[in-house]
Amino acid sequence: MHSERETIRRIKDAVKRGTFIEPFTPADVNLAIGIDYAGVFLPKHRVGNPRFKGKPNTEHLTQVKRGLYQLKRFHFHPLL
């Protein structure tokens with residue numbers, strides 16, 4: 001099993017290369033980057049997932065609908 005950081009990097013690279021498109025399923029991720037745990041990893045690291053034992057999960061993904069995810073987009077607000 002890869003580290004969280006390595007798994008997210010590999011997902012981002014695969015999207016950037018066009019290996020799969022967004023939104024994607026856990027099966028897409030498993031196949032594209034050669035892992036077998038995306039079905040647990042993606043829901044765990046989605047925006048709004050509850051904390052685990054009081055510790056927040058890192059939010060890397062947005063759930064589009066059940067079973068479909070996309071990378072979280074960061075929006076920067078200009079200083080006023």
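**Exercise 1. Is Tyr37 buried or exposed?**

Solution. This is a predicted model, in which local features need pLDDT of at least 70, side-chain atom pairs count only at pLDDT 80 or more, and totals for chains, interfaces and linings use all residues. Residues are numbered from 1 along each chain as its sequence is written, and side-chain values use heavy atoms, with hydrogens and water left out.

Step 1. Take the cut-offs: buried means under 20% relative accessible area, exposed over 50%, and partly exposed in between, with a 1.4 Å probe and protein chains only.

Step 2. Tyr37 has a relative accessible area of 11%, so Tyr37 is buried.

**Exercise 2. Find the aromatic pairs and classify their geometry.**

Solution. Step 1. A pair of aromatic rings is described by the distance of the centres and the angle of the planes. Rings of Phe, Tyr and Trp (its six-membered ring) pair if their centres lie within 6.5 Å; planes under 30 degrees apart count as stacked, over 60 as edge-to-face and the rest as tilted.

Step 2. Searching the whole structure gives two aromatic pairs. In one, the ring centres of Phe20 and Phe24 are 5.0 Å apart and the planes meet at 70°, so this pair is edge-to-face.

Step 3. Tyr37 and Phe41 form an edge-to-face pair, with 6.3 Å centre to centre and 70° between the planes.

Step 4. Check burial. Phe20 is buried at a relative accessible area of 7%, and Phe24 is buried at 0%. Phe41 counts as buried at 8% relative accessibility.

**Exercise 3. Compare the length of helix α1 with expectation, then map its two sides.**

Solution. Step 1. Helices (H or I, at least four residues) and strands (E, at least two) are DSSP runs, numbered from the N terminus. The expected span of a helix is 1.5 Å times one less than its number of residues.

Step 2. Helix α1 (residues 4-17) has 14 residues and should span 20 Å; its end C-alpha atoms are 20 Å apart, which agrees.

Step 3. List the buried residues of α1: Thr7, Ile8, Arg10, Ile11, Ala14 and Val15. They cover an arc of only 160° around the axis, which puts them on the same side of α1. The arc is that of the directions from the helix axis to the C-beta atoms.

Step 4. Turn to the other side of α1. Arg5, Lys16 and Arg17 are exposed there.

Step 5. Ask what covers the buried residues of α1. The cover includes α2 (26-33), α3 (38-44) and β2 (68-71).

Step 6. Look past the helix. Gly18 follows α1 and has a positive phi, near 85°.

**Exercise 4. What does Thr7 touch, and with which side chain does it make a polar contact?**

Solution. Step 1. Thr7 sits in helix α1 and counts as buried at 1% relative accessibility.

Step 2. Contact means heavy atoms within 4.5 Å. Not counting residues up to four places away in sequence, Thr7 touches His2, Ile33, Ile35, Tyr37 and Phe41.

Step 3. A polar contact is a pair of N or O atoms within 3.5 Å; within protein, one must be able to donate a hydrogen and the other to accept it, and residues adjacent in sequence count only if both atoms are side-chain atoms. The side chains of Thr7 and Tyr37 are joined by such a contact, at 2.9 Å.

**Exercise 5. Map helix α2 and place it in the largest nonpolar core.**

Solution. Step 1. Pro26, Val29 and Ile33 are the buried residues of α2. They cover an arc of only 60° around the axis, which puts them on the same side of α2.

Step 2. The face turned away from that buried side carries the exposed residues Ala27 and Leu31.

Step 3. The buried residues of α2 pack against α1, α3 and β2.

Step 4. A nonpolar core is a set of buried Ala, Val, Leu, Ile, Met, Phe, Trp, Tyr and Cys residues joined through side-chain atoms within 4.5 Å. The largest one has 16 residues; Ile11, Phe20, Phe24, Val29 and Leu42 have the most contacts inside it. Two or more residues each come from α1, α2, α3 and β2. α1 gives the most to this core, with four residues.

Step 5. Zoom in on Val29. Leaving aside neighbours within four places in sequence, Val29 is in contact with Ile11, Phe20, Phe24, Gly34, Ile35, Ala38 and Leu42.
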